[in-house]
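Please open the structure in your viewer and keep the selection tool at hand. The tour proceeds in short stops, each beginning with something to select.

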Amino acid sequence: MNALCRIKTDCSRWSPAPIETLLAKYGKNVPRYTSYPTAPHFSAAIGADAYRSWLAELDPKSTVSLYLHIPFCERLCSYCGCHTTVVHSRSPISSYVDHLLREIALVTQAIGARLPVGSIHFGGGTPNILAPRDLEIVFTALRDGFEISAEAEIAAELDPRLLTQEWIDAAASKGLNRASLGVQDVDPTVQKAINRHQPWRATAWAADALRKAGVASINLDLMYGLPHQTVASIRQTIDCALQAEPERIALFGYAHVPWMKPHQRLIDEAALPDEVERYRQQATAAALLIESGYVRVGLDHFARPADPLAQALAAGAVRRNFQGYAIDDAGALLGFGASAIGRLPSGYVQNSAKTPEWRAAIAAGEFATTRGVELTHDDRLRGEIIERLMCDLTVDLGEVATRRGAAAEIFSEALAELGEFVEDGLAALDGDRLTITETGRPFVRVACAAFDRYFQRSRARHSAAV
Ligand SMILES: C[S@@+](CC[C@H](N)C(=O)[O-])C[C@H]1O[C@@H](n2cnc3c(N)ncnc32)[C@H](O)[C@@H]1O
Ligand code: SF4
């Protein structure tokens, strides 16, 4: 297919360039590829009408996944990149839940059938800010509108600082079986700098109480690249995290995007680790987790070998979605709440990220879809390449192109763009198979960007690659 086929890492005399050189060359700003096209390339041309007709086209027998966004927190962490706001009373939350119920009814009416559901994910913000009664009524609405299988995965992103036994019992009684706890870093200096005071004992209690209530799978979210973070603080954080024996760990690089998230200006940029230190932090954390028996999944997830995510990796069945990495083979993902993104067979839709705007649309009996994209044949082809690279770090370009009826030459430009990346030993090309090497793993998004037609055209501002 091309003339770049040199597997540098096969040569015993070859060694990669120093990490400083690689970072200077490839530490550029690239998307996180939780979708393709990525959200900044969604267009206002896709709105409520498109969503309504795409919902009506869903096959009544095909399983769907549900995502519910809860955009509220008690305090704002200064690094936060999520769609959330701070609330000091219950009334905005109750009103939001009321509108969620209406949105669920609008969506199920437009579908016209009770679709089977294989997975439900509550994200945020902080889903455990919902009162137990809110959970009760949301689950009643979901069970009225959808056929939720007994084996469905029911997951929630939880803030251990707010978690109570009452909340855990209420959620467990509704079938919660997977929880993701925000941790970030255990060092008090780092916690002060990010406005997130969280003694380790609060996290340990949360993990233990969830397990005792039957929530069998626990994930911990950790971060590197935060102000005042060091390799030593990361080691200490990993030591604590391992004590909780989580099934999964997500290790996110802090995305510092103050032009998009103005409250990140509260972060003292002088206290941020530079890109070499960021690299060392993630490399240290990854090495410790792998030494402790975790399997590395894609860019930033780790799973115990017996965990379904690790098993799916071996089977090439890991998927990349807005929650990171998952095993979700549902035909569609339906998003509810402000900023929620849905994926339908025809394309992506996103609700207004402004909660009052979302609420007004729903109150008027209308969908709050403000952006989206109808997938072209080329989007699907490139999306599959990018997803396989993000999940498996390897893809047979020729096989995907042929299966999707495209000429193999379609990737010539991308491969030309990756010439130096391959020369530098970050990827290898063997025939039509492109494989990211272990040295290249932290730079996988750079390889994906070469296949991203929208990125090549716009080169928009994103967070650092490592
Ligand atoms: C919705 S929060 C998790 C639940 C809960 N709100 C909490 O913080 O405990 C999702 C996760 O996103 C990650 N995150 C938030 N902002 C980020 C940023 N700017 N860069 C990288 N990861 C970020 C954090 O690891 C956080 O735990
Ligand atoms: S990280 Fe979690 S708790 Fe902190 S502001 Fe963001 S969503 Fe809220």
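A residue is called buried if 20 or more other C-beta atoms lie within 10 Å of its own. Please bear in mind throughout that this is a predicted model.

**First stop: an enclosed strand**

Select strand E13, residues 332–336. Five of its five residues are buried, so the strand is largely enclosed by the rest of the structure. In a regular strand, side chains alternate between the two faces of the sheet. Colour Ala332, Leu334 and Phe336 to mark one side of E13, then Leu333 and Gly335 to mark the other. Both faces are covered, and these residues are all buried.

Now add strand E1, residues 64–70. Five bridges join E1 to E13, and the two strands run parallel. To find a point of pairing, display serine 65, which stands opposite leucine 333 in E13.

**Second stop: the surroundings of ligand 2**

Which residues surround ligand 2? Select Cys73, Leu76, Cys77, Cys80, Cys82 and Thr84, and then Gly124, Gly125, Thr126, Asp159 and Gly182. By class, this shell has five nonpolar, five polar and one charged residues.

**Third stop: two domains**

Colour the chain by its domain assignment: domain 1 comprises 8–37 together with 377–458, while domain 2 covers 42–371. The centres of the two domains, taken over C-alpha atoms, are separated by 27 Å. Where they meet, 13 residues of domain 1 are in contact with 14 residues of domain 2.

Next, select helices H1 (19–26) and H12, each of which supplies at least two residues of the side of domain 1 that touches domain 2. H12 gives the most to this side, with four residues. The residues on this side of domain 1 divide into seven nonpolar, three polar and three charged.

**Fourth stop: an open sheet and its helix**

Keep H12, residues 377–392, in view: the helix lies across strands E17 and E19, running at about 145° to E17. Show strand E18 as well, and an open sheet of three strands appears in the order E17-E19-E18, with antiparallel pairing. Which strands stand at the edges? They are E17 (394–396) and E18 (427–430); each has a single partner strand, so one side of each is left without a neighbour in the sheet. From one strand to the next, the twist averages 10°.

Finally, focus on E18 and E19 (residues 433–436), which are joined by four bridges and run antiparallel. Display alanine 428, which stands opposite threonine 435 in E19.

Terms used:
Residues numbered from 1 in each chain as written. Chains lettered and ligands numbered in written order. Predicted model: local features only at pLDDT ≥ 70, side-chain atom pairs only at ≥ 80, totals over all residues. Near = placed C-beta within 6 Å. Nonpolar A, V, L, I, M, F, W, Y, C, P; charged D, E, K, R; others polar. Pairing = 2+ DSSP bridges. Axes fitted to C-alpha atoms, helices over the stretch in contact; angles between N-to-C directions. Contact = placed C-beta atoms within 7 Å. Domains from an automatic or database assignment. Buried ≥ 20, exposed ≤ 12 C-beta atoms within 10 Å, placed from the backbone.
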